[in-house]
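Please open the structure in a viewer and keep the selection panel at hand. The tour proceeds by selections, each followed by a description of what is found there.

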Amino acid sequence: MLGVASEEGAAVCEYFENNERVWCAKWPASDQWEDNMPKDHGIGASPKRREDVRFLTGAGNYTDDINQRGQTFAAFARSNVANGAIRSVNTSVAEAMPGVVAVFTGEDFVDVGGNPAGWYIESRDGTPMKEPKRPVLAHGKVRHVGDAYAAVIAETLDQARDAVEAIEADIEELPAVATCAAALADGASLVHDEIETNMVFDWGWIEDNRAATDEAIKNAPHVTTLELVNNRLVPNAMEPRASIGDYNRGTGDYTLHTTSQNPHLTRLLISAFVMGIPENKLTVIAPDVGGGFGSKIYHYGEEALVLAAAKKLGRPVKWTADRSESFLTDAHGRDHVTKIELATEEDGTFIAIRTETLANVGAYLSNFATVTPTFLHGTLMAGNYTVPNVYVNLKAVLTNTAPVDAYRGAGRPEATYSIERVIDKCARELKIDPIALRRKNFIKPDQFPYTTPVALEYDIGNYDAVMDKLEEIGDLAGFAARRAESEARGKLRGLGVNSYIEACGIAPSNLVGVLGARVGLYDAATVRVNATGSLAVMVGAHSHGQGHETAFPQVVAEMLGIDEGQIEIVHGDTSKIPFGMGTYGSRSLAVCGSAVVRATEKIINKAKKIAAHMMEAAEADIELKDGTFSVAGTDKSVAWGEVALKAYVPHQFPIEDIEPGLEETAFYDPANFTYPSGAYACEVEVDPETGKVTVERFAAADDFGNVINPMIVEGQVHGGLGQGIGQALLENCIYDDDGQLLSASYMDYAMPRADDVPFYAVDHSAKTPCTHNPLGVKGCGEAGAIGSPPSVVNAVVDALQSGGHDVTHIDMPVSPSRVWAAMQK
Amino acid sequence: MYNFEFEKPGSIADAVAALGSEDAQALGGGQTLIPTLKQRLAAPSKLVSLTGIAEMQGVCMDDDGRMCIGAVTSHEDVAAQGASYAALADLAGNIGDPAVRARGTIGGSLANNDPSACYPAGALASGATIVTNSREIAADDYFQGMFTTALEEGEIITDVKFPVPEAANYQKFEQPASRFALVGVFVAKFADGVRVAVTGASEEGVHRWAAAEEALSANFSADAVPDAPDADGMIADLHGTSAYRAHLVAVLTRRAVAACG
Amino acid sequence: MSQVTMTVNGKEMSGDAEGRTLLSQFLREELDLTGTHVGCDTSQCGACVVHVNGKAIKSCTMLAMEADGASVETIEGQAEADGSLNTIQQAFQDHHGLQCGFCTPGMVMTAAALLKENPTPSEAEIRDYLEGNICRCTGYHNIVKAIMAASGQDVGAIAAE
């Protein structure tokens with residue numbers, strides 16, 4: 001069992017301080033919750049985002065906006081073959097080019113470390129995963145198109161690019177493997193010769209379930225089988241990656257400005273694994289970051305290169321990717337080929353689920369590449385259902401393509417898509433309504449906490465209630481009339497529905513440590529009360545669109561009863577913030593937000609002591625309400641600001657009992673994952689002549705637990721839906737058999753545009769607050785991208801079947817060409 | 001980009017002179033050329049901007065009833081000023097996106113002859129005349145395969161003359177990423193017959209669909225459009241097979257005819 | 001290198017440019033107006049949209065020298081004289097029409113061009129006009145809503161209010 005049981009519905013929760021268990025109130029107290037909504041400030045309100053003003057006026061500060069005195073520019077020589085032996089790299093002409101100040105090759109980094117995988121996985125047979133080295137610059141071999149083997153530093157960017165072309169590289173092209181099937185074929189060329197295989201691991205989850213699952217499927221009255229592809233995606237944060245390295249010769253300090261979702265993690269990787277720069281001599285700053293979606297979690301070689309170059313030159317070195325480089329080198333997402341079987345009774349009762357998946361991890365193991373297809377995927381394979389037998393087999397395979405890693409949803413979209421597509425197919429085979437089939441098998445509210453056969457413990461949920469809400473907001477009852485109207489116009493209309501569950505709020509460190517994580521997954525916050533009563537809250541989470549600067553102050557303001565405007569969020573600078581793990585996996589509020597609560601509670605506890613002293617009362621009698629400390633049962637009170645001032649001007653202060661100052665740090669390590677769930681409905685129209693699919697309606701009902709800022713939560717869902725619909729209908733990252741990237745720009749990689757999507761109906765009112773974190777929150781960042789692809793494809797299949805076409809599946813993206821081809825069969 | 005000199009002459013004569021230097025290249029709105037230069041796929045010594053030449057700007061009607069469009073007239077301006085040939089104005093108003101339409105020019109599009117561009121279909125179906133600094137070229141002679149035209153080195157398009165059909169319509173089925181035409185069909189019905197031009201579909205670039213022209217000249221109705229042309233020689237790529245493109249040619253031709261009313 | 005001069009947000013400004021210098025590059029590096037962003041190299045994402053002589057164009061696909069003598073408006077010049085957000089900017093904030101903020105300058109400049117042409121665009125007209133502006137964060141819902149609101153339309157009935 002993964003996770004820790006907690007008292008369901010308990011009004012209190014626990015944490016540890018100085019090894020003592022502390023019981024504390026939940027924020028907000030659940031009985032106040034409904035009364036408090038809607039609100040105009042604090043938890044549950046939707047204040048306008050304060051960060052918007054700078055973004056709307058061109059005053060943001062993204063990495064490429066930063067220019068430093070003496071700055072030079074880096075450009076990279078990148079492989080144009082997918083697999084090649086580097087025979088020689090002659091840089092002498094390039095070095096003599098105008099403006100060139102340095103040239104680096106893989107040779108320069110042979111003695112430094114490699115960029116590691118953050119999670120250790122064992123194969124079914126107990127053998128360790130294969131871990132090829134990932135160098136700063138390729139040495140010996142290039143392994144994918146775009147793999148950098150040299151870099152030029154010059155006075156201007158154009159000079160650097162000109163000189164890159166003058167590097168004479170003798171690279172002998174070798175046969176490439178671009179797909180898992182090719183990489184596992186007999187005689188396939190090896191991506192990394194030294195590990196003697198292209199298979200990183202062959203993982204079973206849970207291996208003990210294997211025999212029982214096989215037996216259950218063999219004996220089942222009905223088995224639905226589906227083979228599907230979870231299409232490879234390019235994250236495409238609109239801001240391309242960028243890094244500026246700087247080195248101070250006077251102090252020996254390095255500074256890296258970079259496009260990161262997690263500056264401390266990046267610093268740790270550079271310090272402990274790649275460059276050996278002492279952590280105390282390296283500051284990593286992720287300023288405004290223009291979206292991440294996973295792709296900016298990871299440490300990339302360009303970051304190490306600009307630091308090494310800055311040290312060598314004693315000058316700042318800047319690199320900014322152009323979009324073509326982003327396509328070639330950002331970690332991609334998804335890329336699974338799966339066979340899933342769902343065994344049921346004739347009445348639709350689920351008996352077993354079995355999957356076999358090939359996961360393409362690309363040419364090198366990116367930092368989360370080994371956990372994404374395993375523990376973020378296989379553990380979710382029971383979905384929202386009671387299904388007694390589940391077994392997942394997954395082989396991770398190296399290919400001559402860009403690395404593949406977590407992209408919005410990360411493993412969970414792949415699990416959801418497989419489950420929810422096979423259920424839909426099963427419903428059609430058994431002639432059971434797809435919603436009824438799901439409801440029949442849902443885990444019921446009285447079954448929580450519920451331990452699945454794939455070892456998660458879902459703490460709470462109410463999947464029927466969410467489905468009820470979906471039927472309401474999606475007006476599913478009105479579908480028949482809408483279909484008739486579409487048919488009258490010569491169009492086919494389909495309705496697709498699915499549920500999803502995800503595990504986020506990543507993650508309990510003890511648990512993930514047992515499972516192979518090489519890091520802890522707590523987060524941290526420091527709350528600093530200034531002498532005048534305003535606050536700075538330093539957080540380990542990083543905001544690159546999520547609105548932390550607005551939402552986190554809502555929590556603190558609610559707890560202290562003060563104006564949010566007095567609270568500033570500081571993030572993204574390792575020299576200012578405590579060691580937190582950053583933002584991904586829908587974890588910021590559930591984990592870092594919990595740390596903010598804990599630190600604020602410590603502040604309140606200390607402030608109460610000070611207030612008690614000021615009013616000569618017992619600490620136990622002090623109450624904090626609306627920013628004022630009062631003594632219960634009296635009219636004595638002191639304002640928040642007076643207490644803050646007293647902390648920093650500690651005259652007549654019980655210095656023997658209370659330290660001056662008012663600043664507290666808390667680290668929060670969650671007791672379990674959080675389990676957001678939802679039910680989504682998509683209605684499409686298909687043009688039977690061209691095969692073009694248009695999304696006419698989309699409804700999303702989610703259970704995120706408590707919601708701090710509904711406006712931001714809805715925006716997160718909208719964005720996830722855009723990406724999920726993009727995956728289902730448009731986006732496709734394609735390499736040819738030689739490993740050349742065919743979809744290498746927006747000319748061929750179809751990004752969703754405004755006219756590809758409708759207005760969405762979203763709702764998060766059917767909520768079951770998380771039982772084990774103080775805010776009762778679950779996380780909302782990835783839900784839309786996880787939940788939406790199956791409903792789109794389910795809807796297309798429904799539309800085509802309504803038109804008499806015997807189509808049971810079309811792989812994503814469901815492009816006009818594919819739909820038309822399916823209709824011709 | 002590689003560096004180059006930049007020149008912006010004010011007259012056709014000066015532009016022709018400027019283009020006389022080795023590896024000089026004409027620049028229209030730059031909406032295709034500049035991205036190409038960014039990829040370092042071309043290395044002109046000099047770019048000669050034509051957008052400052054007043055005599056190459058604007059839309060008017062000539063004495064023969066043809067709509068004449070100056071070569072550096074933007075798509076936006078053709079869309080706004082081309083009411084005399086509404087089907088062509090509509091075509092211009094759906095190229096790319098608004099910002100691209102504000103810069104992109106008809107001359108640039110025709111000189112480039114991208115196999116998925118819209119204007120070549122409009123020019124070929126209309127039987128337009130491409131006027132250059134030195135001669136007039138019939139559209140039937142001008143388009144010579146993907147990215148290939150009858151233009152000589154240093155020759156620049158100055159304007160394009162479009163006979164206005166009795167009825168016409170352009171149907172574009174967009175490639176979902178680039179929003180260029182996956183297939184586009186322009187149908188133009190003249191008193192002496194129907195012309196049908198297809199873009200996006202063929203490996204030979206823009207071309208006329210003779211079978212459809214013959215059938216529609218005899219009976220101008222959607223029902224008369226022949227079955228899909230042979231898929232041999234049609235483009236096959238990430239976005240569609242050759243059979244799909246061939247199918248779309250027929251679908252879009254029917255729709256264009258139907259839209260002619 | 002040649003000197004290029006243009007009127008930017010009402011002020012005459014000059015800087016050096018090579019033939020190959022793009023307008024986006026000139027604004028960002030020579031004039032230090034970094035609000036104009038570059039998100040692609042194929043003229044599709046629209047993060048770089050500015051107005052040149054009143055028309056919205058992609059500044060990454062126009063040479064700086066082509067804009068010599070032109071009047072250029074960028075995101076930095078959009079706020080009201082007192083520094084407060086203009087109607088479009090305010091609508092984007094009110095309706096959460098931005099998340100990471102990177103595409104936002106181009107979205108605002110494109111929206112301004114749209115509303116100049118078409119003061120009360122329909123939802124479909126807005127979506128069509130945004131064809132050349134890519135946002136990865138918002139799923140476009142709140143961008144479209146914000147533009148409708150900026151044009152004075154009632155957006156109260158839009159789903160998910």
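Which residues of chain B gather in a patch of negative charge on the surface? Select Glu22(B), Asp23(B), Glu152(B) and Glu153(B), which together form that patch. The model is a predicted one. Within the patch, centre the view on Glu22(B), which is found in the loop between α1 (12-18) and β2 (24-27) of chain B. Glu22(B) counts as exposed because its relative accessibility is 67%, and the cut-off for exposed is over 50%.

Next, select Ala15(B), a residue of helix α1 of chain B. Is Ala15(B) buried or exposed? Ala15(B) is buried, its relative accessible area being 0%. Add Gly154(B) to the selection and display the C-alpha atoms: those of Ala15(B) and Gly154(B) are 9.3 Å apart in space, while 139 residues separate the two in sequence.

For a wider view of chain B, colour the chain by its domain assignment, which gives domain 1 (1-50) and domain 2 (167-260). The centres of domain 1 and domain 2 of chain B, taken over C-alpha atoms, are separated by 34 Å.

The following stops concern salt bridges, of which the structure holds 83 over all chains.

Begin with Asp52(A) and Arg49(A), whose side chains meet in a salt bridge with an N to O distance of 2.8 Å. Asp52(A) is buried at a relative accessible area of 0%, and Arg49(A) also counts as buried, at 0% relative accessibility.

Then select Asp288(A) and Arg54(A), which form a salt bridge whose closest N and O atoms are 2.7 Å apart. Which parts of chain A does this pair link? Asp288(A) is in the loop between β13 (282-285) and α8 (301-313) of chain A, and Arg54(A) is in helix α2 (residues 52-56) of chain A; the pair thus links distant parts of the chain, 234 residues apart. Asp288(A) is buried, with a relative accessible area of 8%, whereas Arg54(A) is partly exposed, with a relative accessible area of 24%.

Show both chains and select Asp162(A) with Arg40(B), whose side chains meet in a salt bridge (2.7 Å, N to O). The pair joins two chains, because Asp162(A) lies in helix α4 (residues 157-164) of chain A and Arg40(B) in the loop between α2 (33-38) and β3 (46-49) of chain B. Asp162(A) counts as partly exposed, at 23% relative accessibility, while Arg40(B) is buried, with a relative accessible area of 14%.

From that pair, turn to a network in chain A: salt bridges that share partners join Asp475(A), Arg482(A), Glu485(A), Arg489(A), Arg493(A), Glu683(A), Glu685(A) and Arg697(A). Display the side chains of these residues together in order to trace the network.

The tour ends at a surface of another character. Which residues make a nonpolar surface patch of about 230 Å²? Select Leu645(A), Tyr648(A) and Val649(A), which make that patch. Leu645(A) has its place in helix α17 (residues 640-648) of chain A, and this residue counts as partly exposed, at 43% relative accessibility.

Terms used: Residues are numbered from 1 along each chain as its sequence is written. Chains are lettered from A and ligands numbered from 1 in the order in which they are written. This is a predicted model: local features need pLDDT of at least 70, side-chain atom pairs count only at pLDDT 80 or more; totals for chains, interfaces and linings use all residues. Side-chain values use heavy atoms; hydrogens and water are left out. Patches are made of residues with over 30% relative accessible area and no salt bridge: like charges are joined within 9 Å, nonpolar side chains (Val, Leu, Ile, Met, Phe, Trp, Tyr) within 5 Å. Accessible areas come from the Shrake-Rupley method with a 1.4 Å probe; for residues, only the protein chains shown count as cover. A salt bridge is a side-chain nitrogen of Lys or Arg within 4 Å of a carboxyl oxygen of Asp or Glu. Lys and Arg count as positive and Asp and Glu as negative; His and the chain ends are not counted. The place of a charge is taken as NZ of Lys, CZ of Arg, CG of Asp or CD of Glu. Helices (H or I, at least four residues) and strands (E, at least two) are DSSP runs, numbered from the N terminus. Buried means under 20% relative accessible area, exposed over 50%, partly exposed in between (1.4 Å probe, protein chains only). Domain bounds come from an automatic or database domain assignment.
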